[in-house]
Amino acid sequence: MKQSTEQKLSMLADAAKYDVSCSSSGSKRTNTKDGLGNATGMGICHTYTQDGRCVSLLKILLTNHCIFDCAYCVSRRSNDVQRAAFTVQEVVDLTINFYSRNYIEGLFLSSGIFKNADYTMERLVRIAKKLRQEHKFNGYIHLKAIPGTSDELIHEAGLYADRLSVNLEIPSEESLKKVAPEKDYASAYQPMNYLARSIEGYRQEKKLIRHAPTFAPGGQSTQLVIGATPENDRHVLLLANSLYQQQQLKRVYYSGYVPVSEDTRLPVITTPPLLRENRLYQADWLMRVYGFSVHELVDDQHLYLDEEVDPKLAFALRHPELFPVDINRADYEMILRVPGIGVKSAKKIVQARQFGKLRQEHLTKIGVVWKRTQYFVVTADQQYHWLEMKPEALRQRILGEKTTPKNTTQLSLF
Amino acid sequence: MIYVYDGSYEGVLSTIFSTFQRGKEAHDMVVESQYQPGLFHEPTFVTTDAAHARRVLKGMEKRCGQEVVRLMYEAFLSEQAGIEMLLYQFVRLAVESPENVLHNFREPCVLKLHQIGRQIHREVHRMHAFVRFQQTNDGLFVAMIAPDYNVLPLLPPHFVARYPAFCWLIYDTRRHYGIYHQQQQVDYITLQTHQHHQLAQALLTASEKDYQQLWKTYFKSVDIPERRNLKLHLQHVPKRYWKYLIEKS
C-alpha cells in the first residue's frame, strides 16, 4: 500500500519527537535578496506542544527503518511498528511550504539507519544541499550526524547545516553496551571530535577571510537519556561538563526516559522522571550561564541533585560562609549566585547602584524574587536576618512556603 | 496645565516640547478625540510639529544615547493609559539630571519605561512566532493578527529579511490596518471592508488547505501524552492568540 505524505508525516514526526532538541538559535545565516529565510540570533518557538515543549523546527525522521536494535528506541528493529520513509522531494516540499507560511524556523532531520551509516547520511546531506542550492533556503537546518559516518560526509553536512548533533543517548559506555550491543562510544565520539576540530578551524578562517564558507555556525549538540540506566546526576553532569570543555558542544540535552518498550534491560516506570530532568537542566544552565563549576553542584557527598530545592538554592544552603552578599558592593559574579536573582536582575543591579544605594524596594521593582533573596543579601536598609539561622532551619522554612496549598480560591463576597 | 494633542507619536513629542517652551508643567495629556471640557481648567491645544518632535528626540539622544529613541517610540506603541505622562516625566528627569538616566532603575519612571519596553518586545516576539501566512490564488501571503499592543510598525524588518522575494500582507484586525510588502517595499494599507476577520476560502490557492492539514497533523504527532502539562502550554500559547493559529483552530 502506498502511503500518503500525511501518513508518513504522522509516523515519522511521532518517531522523532523523543529527541528533545528544538533550538533554532545561535546561528548566523543571513538571507540573500531572492532567497527564503534566515537564521540569525534568537530562535523562535512558533508554537508549543501540549506538554509545553517548544516547536521551532520541522522535526522528522527521514525513515524509521533501522538496522539497529537499541532497547530504549521506539524505532528499534525488533519493535512491531509501521515503517515509512520520505522521499528527498517530500522533505524539501514540506520544509519550504511550512517555512513560507511562518510555521517553522527550519528543519531538524534525523533518521533510522538503513543499510549503513554512510548510505543514510548521504541522503540527509542531499536534502540539505537541495534546500540550500536549489531553493536558496537560508533558514535553520539541524542534521543528525549518524554515528559511524565517514569524515567526508560529515564535512559536507557541515557546509549546509547550521547545527549538527551526534547523540550519545546513554550516559556511560558500559550501560550503552547493555541496551544497545551494536553501538559503542567510539563511533559517536569520532564524528563529534571531527566536528569540534572543523568548527574551530572554520571559525578561525572566518576571522581572517570574510567570505570563507560557514561550517555548522550553530555548533554541535548531543542528547543524554536520563533514567533508562543507573548513572547518577554527578556522572551525567561530569560527562556534560567534559563535552562542553573537550568537544566544545553548544548544548547537551537531557531527555527523561519515556517508556517505549517492555525490554527487561530497562526499568519499569509509568511516568518519565520529569523533575530530575528539570533539575539537570537547571544545573546545566548554571554551568553555562552563571559560571558555576560542575564540582560546586555535585560531589562525592551529593551524587544526585536535590529534588526539593533548585541547584542554586541548594548551593547557597551548602555554603553559608559565602553569604550574605552585599548588593551595593559585591562583584557581579557573586550577585549572580544569590538565589532569586537572575542574569537580567543582576545586570540591572550593577547598573543601578552607580546612581545611589539600593534598598529592598529597588530590588523588588527590578524583578528580584525577594521572598527567596531576602535570606542571602544585605541591602542599604535591610539588616541581614539569617545570621542566627541554621541552613537546615532555613531550608525547612523555604520548603514550608512551598507546601501551602496553591489553589485556595478566594471566597466570593456574595 | 492640561494639554490636548492629536494622538500621534509626533503629537506627544510636540506636547512635551510645548511644556518646556511655555514653562508650564503638564498635569495631564489627553487625546483630542477623548477630551471632555471640564469646568475648572483651561486646556492648551497643541499643534503637532515635526520639527519640535525631532528636537525632543535629538535632545534625548544627546543625553541618553541612541537606544533611548527606540525605547520611547516602543513605549508609545504600548497604548497604555497614561503613557504620555510617563514619557513626559522621563524626559523631564533626563533634562534635569546632570547624568545619563537611562539605566537609573532607582527612578520609578525609568524602571516602568523599561518594563513597558520589555512587554513590547515580548509581543513583537510573539508576532514573529504566531503570524501564520495563508497563500491566496494570486500568490499573496496573507496573515491576520490582533496583537495586544500596536506592534505592527515594528514588524517589517524581521519579515522583510525572511521573505524578501514574497508578496505578503500582515493585517491587524483590531486596529484595522496592515503592512503590505512587495519588492522590498513596505506600505501601510487599510482594507475597505470591516468584515475581514477570516479569509474567504475561495480566495486561497488549491494547495493551501493541504499544507494546513499537514501542519495540523504534524502538531498532533509531536505531542507526548505522558508528559502533558497544559498549564505550561497555556502560559506559552495564551488562548487569546489561538484564533489565528492554524494548529489550534
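Here are some questions and answers on a predicted model, looking at two helices, the contact between chains A and B, and some salt bridges.

Q: How many of the 14 residues of α4(B) are buried?
A: Helix α4 of chain B runs over residues 83-96 and reaches 20 Å from its first C-alpha to its last, close to the 20 Å expected. What covers its buried residues includes β1, α1, β2, α2, α3 and α5 of chain B. Among the buried ones are B:Ile83, B:Glu84, B:Phe90 and B:Ala94. So the helix is mostly covered, and the count of buried residues, with the cut-off at under 20% relative accessible area, is ten.

Q: Which backbone oxygen does the side chain of B:Ser97 reach?
A: B:Ser97 sits in the loop between α4 and α5 of chain B. Its relative accessibility is 18%, so it counts as buried. At 2.6 Å, its side chain reaches the backbone oxygen of B:Leu93.

Q: Is α2(A) largely enclosed by the rest of the structure or largely open, and how many of its 13 residues are buried?
A: This helix covers residues 88-100 of chain A and reaches 19 Å, close to the 18 Å expected. Its buried residues include A:Val88, A:Glu90, A:Asn97 and A:Ser100. Just after the helix, A:Asn102 takes a positive phi of about 65 degrees. α2(A) is largely enclosed because the number of its residues that are buried is eleven.

Q: Which three residues supply 17% of the area that chain B buries against chain A?
A: In this interface, 54 residues of chain B are in contact with 62 residues of chain A. The two chains bury about 5100 Å² between them, 58% of it on carbon and sulfur atoms. No other three residues of chain B supply more of its buried area than B:Arg106, B:Arg162 and B:Arg227.

Q: Which helix gives the largest share of the side of chain B that touches chain A?
A: Polar contacts across this interface come to 30 residue pairs. On the chain B side, α5, α6, α7 and α8 each supply at least two residues. That side divides into 26 nonpolar, 17 polar and eleven charged residues. The largest share, ten residues, comes from α7(B).

Q: What is the count of salt bridges between chain B and chain A?
A: Side chains of opposite charge can pair when their charged atoms come close. B:Glu208 does this with A:Arg101, the closest N and O atoms being 2.8 Å apart. Over all chains the search finds 32 salt bridges, and the count between chain B and chain A is three.

Q: How many residues apart are A:Arg395 and A:Asp306?
A: These two form a salt bridge, with the closest N and O atoms 2.8 Å apart. A:Arg395 is buried because its relative accessible area is 14%, whereas A:Asp306, at 24%, counts as partly exposed. A:Arg395 is in helix α15 and A:Asp306 in the loop between α9 and α10 of chain A, so the pair links parts of the chain separated by 89 residues.

Q: Which residue forms a salt bridge with B:Arg132?
A: B:Arg132 lies in the loop between α5 and β4 of chain B, and its partner is 115 residues apart, in the segment after α8. With a relative accessible area of 2%, B:Arg132 is buried. The partner counts as buried too, at 8%. The closest N and O atoms are 3.0 Å apart, and the partner is B:Glu247.

Notes. Residues are numbered from 1 along each chain as its sequence is written. Chains are lettered from A and ligands numbered from 1 in the order in which they are written. This is a predicted model: local features need pLDDT of at least 70, side-chain atom pairs count only at pLDDT 80 or more; totals for chains, interfaces and linings use all residues. Side-chain values use heavy atoms; hydrogens and water are left out. Helices (H or I, at least four residues) and strands (E, at least two) are DSSP runs, numbered from the N terminus. The expected span of a helix is 1.5 Å times one less than its number of residues. Buried means under 20% relative accessible area, exposed over 50%, partly exposed in between (1.4 Å probe, protein chains only). Contact means heavy atoms within 4.5 Å. Buried area is the accessible area (1.4 Å probe) that two parts lose on being put together, summed over both. A salt bridge is a side-chain nitrogen of Lys or Arg within 4 Å of a carboxyl oxygen of Asp or Glu. A polar contact is a pair of N or O atoms within 3.5 Å; within protein, one must be able to donate a hydrogen and the other to accept it, and residues adjacent in sequence count only if both atoms are side-chain atoms. Ala, Val, Leu, Ile, Met, Phe, Trp, Tyr, Cys and Pro count as nonpolar, Asp, Glu, Lys and Arg as charged, and the others, Gly among them, as polar.
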